[in-house]
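Open the model in your viewer and switch to a cartoon view. Keep the selection tool ready. We will go stop by stop.

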Amino acid sequence: MSKQEFNEYHHKYSKTVEDSIRFSGLEHSFFHLSKAHKLKELVSLNFGVTNRPNLLDVGCGVGALHPYIESTFEKIIGIDVSSASIIEAAKNHPQHSYLHYDGQRLPFDDNTFDMTLAVCVMHHVPKELWENFLAEKSRVTRPGGVVCLIEHNPVNPATRLSVARCPFDADAVLLGARQMRQRLKFASLDSVFSEHFVFFPTNNAPFRALERKLKWLPLGAQYLAVGKKK
Ligand SMILES: C[S@@+](CC[C@H](N)C(=O)[O-])C[C@H]1O[C@@H](n2cnc3c(N)ncnc32)[C@H](O)[C@@H]1O
């Protein structure tokens, strides 16, 4: 997918996702909440329960996830190659900062952020640019900081169906957790791990607790992959 192709979805991003997942009976907000829980856990583990790191969200789109994670972070900066998405994000979430960039070099100094995130972005980045994409995220993350990616699990049948139904995923190249871990290690990140989540169609506490026990099982609809900057 070329750089600006998400421009045509800026005003209907959530509706397009809702249409592609309707078969599951789940709403888009369910997936935002699931991701928000995982990110809160990750932040507590790495920065402490009371600390709120600053975050660069690469490929933030219209910032749909940000209302769900804003209490976890001190500051959120979103950046994307789609200028229309960035304009929409800034309009909808004036409390955060949004920037457009060229998809090559992130316009920040080395070691700027406590944490960098990319949610369902890698599968839209051309494969030959994956190395640069991760190197740039790592470059702007401070030593001891966290590089995190959340991706669709290609092994999960419901995920594959929703990707097949989603028009903006037409040329998505899904990558599994093992491949992502290898890529993170290749980007010289430390303490690399991945965890699967979204095993159950509910965010109720008992199921979330069970999900934490199953995180090693590569069947959840989504996974999170993490590395630490040395
Ligand atoms: C499926 S959307 C996900 C948006 C957002 N992360 C979310 O979860 O709601 C993928 C986004 O990645 C962006 N994107 C694609 N290639 C990119 C790149 N090289 N750098 C940054 N963003 C990119 C697209 O413009 C689009 O907004």
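In which sense do strands S4 and S5 pair, and over how many bridges? Select residues 113-119 for S4, then add S5. They run parallel, with six bridges between them. Keep in mind that this is a predicted model.

Zoom in on one bridge. Pick threonine 116; its bridge partner in S5 is valine 147.

Now add helix H5, residues 130-140. Together S4, H5 and S5 form a β-α-β unit, and the unit is right-handed.

Stay on S5, residues 141-152. Is this strand mostly covered or mostly open? Mostly covered: nine of the 12 residues are buried.

Next, select strand S7, residues 222-228. S7 and S5 run antiparallel and are joined by seven bridges. Valine 147 appears again here, with glycine 227 as its bridge partner in S7.

Switch on side chains and click cysteine 148. Among the residues it touches are Leu39, Leu42, Met115, Leu117, Leu224 and Val226. Lys137 is also one of its contacts.

Cysteine 148 leads into the largest nonpolar core, which has 31 residues. Leu39, Ile69, Met115, Leu117 and Cys148 have the most contacts inside this core. To see where the core comes from, select helix H1 (13-21), helix H2 (28-47), S4, S5 and S7; each supplies at least two residues. H2 gives the largest share, seven residues.

Last stop: select Tyr101, Leu106, Phe113 and Leu175. They are among the 27 residues of a second, separate core.

Terms used:
Residues numbered from 1 in each chain as written. Predicted model: local features only at pLDDT ≥ 70, side-chain atom pairs only at ≥ 80, totals over all residues. Heavy atoms only, no water. Buried < 20%, exposed > 50% of the residue type's maximum accessible area, 1.4 Å probe, protein only. Helix = DSSP H or I, 4+ residues; strand = E, 2+ residues; numbered from the N terminus. Pairing = 2+ DSSP bridges. Right-handed = clockwise from strand over helix to strand, strands pointing away. Core = buried A, V, L, I, M, F, W, Y, C linked by side-chain atoms within 4.5 Å. Contact = heavy atoms within 4.5 Å. Lists of a residue's contacts leave out its neighbours within four places in sequence.
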